[in-house]
Amino acid sequence: MTTTAQTPATPGHRMRTVRFESFGDPSVLGVADVAVPEPESGQLTVDVQYAGVNFAEVMFRRGQFPVDLPHFPGLEAVGTVRAVGGDVTGFEVGDRVAALTLGGGGNAEVVAVGAEHVVRLDGDLAGLDGAVAAGALCNVTTALGVLTSAGRLAKGETVVVLAAAGGVGTAAAQLARSLGAATVIGVTSSPAKAAYARAYGYDSVVSYDELEREVAERTGGAGADLVLDSVGGAFRSSVTGLLAAFGRHVIFGNAAAEDVTFEGNHPWYTNSSLAGYNLGGVAGRAPALLRAHLEQALTEVAKGAVRVDVTVLPLQDVTRAHELLETRASTGKYVLDVRN
Ligand SMILES: NC(=O)c1ccc[n+]([C@@H]2O[C@H](COP(=O)([O-])OP(=O)(O)OC[C@H]3O[C@@H](n4cnc5c(N)ncnc54)[C@H](OP(=O)(O)O)[C@@H]3O)[C@@H](O)[C@H]2O)c1
C-alpha cells in the first residue's frame with residue numbers, strides 16, 4: 001500500500017463508527033471506537049461529515065443478507081479527502097467529495113473507498129449541500145438505474161412507484177416525470193405519508209388497496225407500463241395484474257422480508273417482463289454505467305431537478321433512523337451528522 005498524501009492524523013488514529021456484532025433489532029447498533037482505516041491501492045480515505053442511512057442497512061442488520069460480523073454499516077458518505085492511496089489520480093487531500101461506500105463503513109468518521117465511486121463536489125456540483133448530497137448518493141442513483149436500465153421507461157408511459165414517500169420513491173417520482181412519464185402514481189401505507197409524497201411530482205398517491213382501481217381509472221383500463229417494486233410480500237404477486245401488455249415489473253428490494261415465487265412461464269402467459277436492479281451488482285458488472293448514473297444523479301440534484309428531503313440526526317441516533325425506516329414511520333431520507 002502506498003499513501004501519497006495524508007492529512008495530520010487524529011490523536012491515536014482512532015475514530016467513531018457505527019457497528020453491530022450480532023444480527024437483530026435496532027438495539028444491536030452501537031457507536032464504537034476503532035482504528036482509522038488507511039487507503040489501499042486504488043482507494044481514498046474520506047473524513048466524513050454526512051452519511052446516509054438506507055433501508056438496505058436495516059436488512060443487513062436483521063441478517064436478511066449475509067454480511068460478515070462485526071459489520072460496519074454505511075453505503076454513502078460526504079466529506080473531504082483525508083488520504084490518497086497508490087494508483088489514484090485526480091484527487092487531492094482536502095477535496096470535497098461524495099462517495100458510494102458500497103463495501104460499508106460509511107457511518108463513521110473516516111471511510112476507505114474505491115476511487116471509482118468517489119465524485120468531487122466541484123464545478124456544477126460545488127453548490128451541493130453536504131447532507132443533501134449524502135442523501136442522494138444511493139437513492140437517486142438507484143432511482144435512475146431502476147427507471148432507465150431496468151425499467152426502460154419511455155416517454156408517455158404510466159409509472160407506479162411503491163413506497164412512494166421514501167428515499168428512493170420520492171426521487172423516482174421526480175425522475176420519472178423529468179424522463180417523460182405521462183402519469184406517475186405513488187403508493188404508500190398511510191394518508192399522512194400520501195400527503196407528504198404528493199409534493200414530489202405524483203399525479204396521485206393512493207394506498208396499496210386502492211392501487212388497482214387507481215391504475216384502471218388513470219389508464220382507461222389499459223394498465224401501467226412500469227411498476228417499481230421494492231416492497232415484496234404478498235403484494236408482489238398482484239403486480240402483474242396491474243400491468244399493461246408488455247409492462248415491466250422491476251424488483252429492486254424486499255422491505256417486507258417476504259418473497260413470492262414466479263414460474264418461468266409467467267412472463268409468457270402474461271405478456272409482461274420481470275426485471276431487477278441491484279446497485280452493488282451494477283458496480284461489479286457495469287462500473288462505467290454506475291459511474292454515469294452516480295454523476296447524473298448528483299447533477300440532477302445540484303440543478304434542482306430532483307429534491308431530496310433530508311432529516312439530519314447525530315451519529316448516535318442511527319438507531320432511531322433504523323427504527324423509523326423499519327416501522328414504516330419514515331418519510332424522505334435520514335442522514336447522520338457524523339461529527340455531531
Ligand atoms: N436494489 C438496490 O440496489 C437498492 C438500492 C437502494 C434501495 N433499494 C431498496 O429500495 C427501497 C427503498 O429504500 P429507501 O432506503 O429509500 O427506504 P424507504 O423507501 O425510505 O423506506 C422503506 C419503505 O418500504 C415500505 N415498506 C413496505 N413494506 C414494508 C415493511 N414490511 N416494512 C418496512 N417497510 C416497508 C415503507 O413504505 P410504505 O409504508 O409507504 O409502504 C417504507 O417506508 C428499499 O426496499 C431498499 O432496500 C434497493
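## Buried charges between β4 and β5

Buried here means under 20% relative accessible area, with exposed set at over 50% and partly exposed in between. Keep that cut-off in mind while looking through this predicted model, starting with aspartate 47. Its relative accessible area is 17%, so aspartate 47 falls on the buried side. Its salt-bridge partner is arginine 82, with 3.1 Å between the closest N and O atoms. The two come from distant parts of the chain: aspartate 47 belongs to strand β4 (residues 43-53), while arginine 82 belongs to strand β5 (residues 76-85), 35 residues apart. Arginine 82 has a relative accessibility of 2%, so that residue is buried as well.

## Two salt bridges with more exposure

The salt-bridge count for this model is 18, and a couple of others are worth a look. One of them pairs aspartate 203 with arginine 177, at 2.7 Å from N to O. Aspartate 203 sits in the loop between α4 (191-197) and β11 (204-206) and arginine 177 in helix α3 (residues 167-178), so this bridge ties together parts 26 residues apart in sequence. Both ends are partly exposed: aspartate 203 has a relative accessible area of 33%, and arginine 177 has 30%.

Then there's arginine 213, whose side chain meets that of glutamate 217 in a salt bridge at 3.6 Å, N to O. Why are these two about one helical turn apart? Because they are four residues apart in helix α5 (residues 211-219). Arginine 213 is partly exposed, at 42% relative accessibility, whereas glutamate 217 is exposed, at 55%. The story doesn't stop at a pair, either: salt bridges with shared partners connect Arg213, Glu214, Glu217 and Arg218 in one network.

## Where the two domains meet

The domain assignment splits the chain into domain 1, made of 3-137 plus 287-337, and domain 2, covering 151-277. Taken over C-alpha atoms, their centres are 29 Å apart. At the interface, 15 residues of domain 1 are in contact with 16 residues of domain 2. Interface size is often quoted as the accessible area lost when the parts come together. For this pair of domains, that comes to about 1,200 Å², with 50% of it on carbon and sulfur atoms. On the domain 1 side, Arg307, Arg328 and Thr331 lose the most area to domain 2, and together they account for 39% of what that side buries.

What kind of contacts bridge the interface of domain 1 and domain 2, polar contacts or salt bridges? Zero salt bridges turn up across it, but nine residue pairs are in polar contact, both partners having pLDDT 80 or more. The elements giving two or more residues to the domain 1 side are α1 (55-62) and α9 (287-302). Helix α1 supplies the largest share of that side, with three residues. Sorted by class, the domain 1 side has six nonpolar, four polar and five charged residues.

## Asparagine 254, a buried loop residue

Asparagine 254 is in the loop between β13 (243-251) and α7 (266-270). Buried or exposed? At 17% relative accessibility, asparagine 254 counts as buried. A polar atom of its side chain lies 3.1 Å from the backbone nitrogen of glutamate 258.

Setting aside residues up to four places away in sequence, asparagine 254 touches Met59, Gln64, Ser230, Val231, Gly232, Gly233, Arg236 and Asp259. One of these, Met59, has a number that falls within α1 (55-62).

## Valine 205 in β11

Valine 205 is found in strand β11, and its relative accessible area of 4% makes it buried. Which residues does valine 205 contact, leaving aside neighbours within four places in sequence? They are Ala164, Gly186, Val187, Thr188, Ala194, Ala197 and Arg198.

Glycine 186 is also worth a closer look: its C-alpha atom is 4.3 Å from that of valine 205, although the two are 19 residues apart along the chain.

Methods: Residues are numbered from 1 along each chain as its sequence is written. This is a predicted model: local features need pLDDT of at least 70, side-chain atom pairs count only at pLDDT 80 or more; totals for chains, interfaces and linings use all residues. Side-chain values use heavy atoms; hydrogens and water are left out. Buried means under 20% relative accessible area, exposed over 50%, partly exposed in between (1.4 Å probe, protein chains only). A polar contact is a pair of N or O atoms within 3.5 Å; within protein, one must be able to donate a hydrogen and the other to accept it, and residues adjacent in sequence count only if both atoms are side-chain atoms. Contact means heavy atoms within 4.5 Å. A salt bridge is a side-chain nitrogen of Lys or Arg within 4 Å of a carboxyl oxygen of Asp or Glu. Domain bounds come from an automatic or database domain assignment. Buried area is the accessible area (1.4 Å probe) that two parts lose on being put together, summed over both. Ala, Val, Leu, Ile, Met, Phe, Trp, Tyr, Cys and Pro count as nonpolar, Asp, Glu, Lys and Arg as charged, and the others, Gly among them, as polar.
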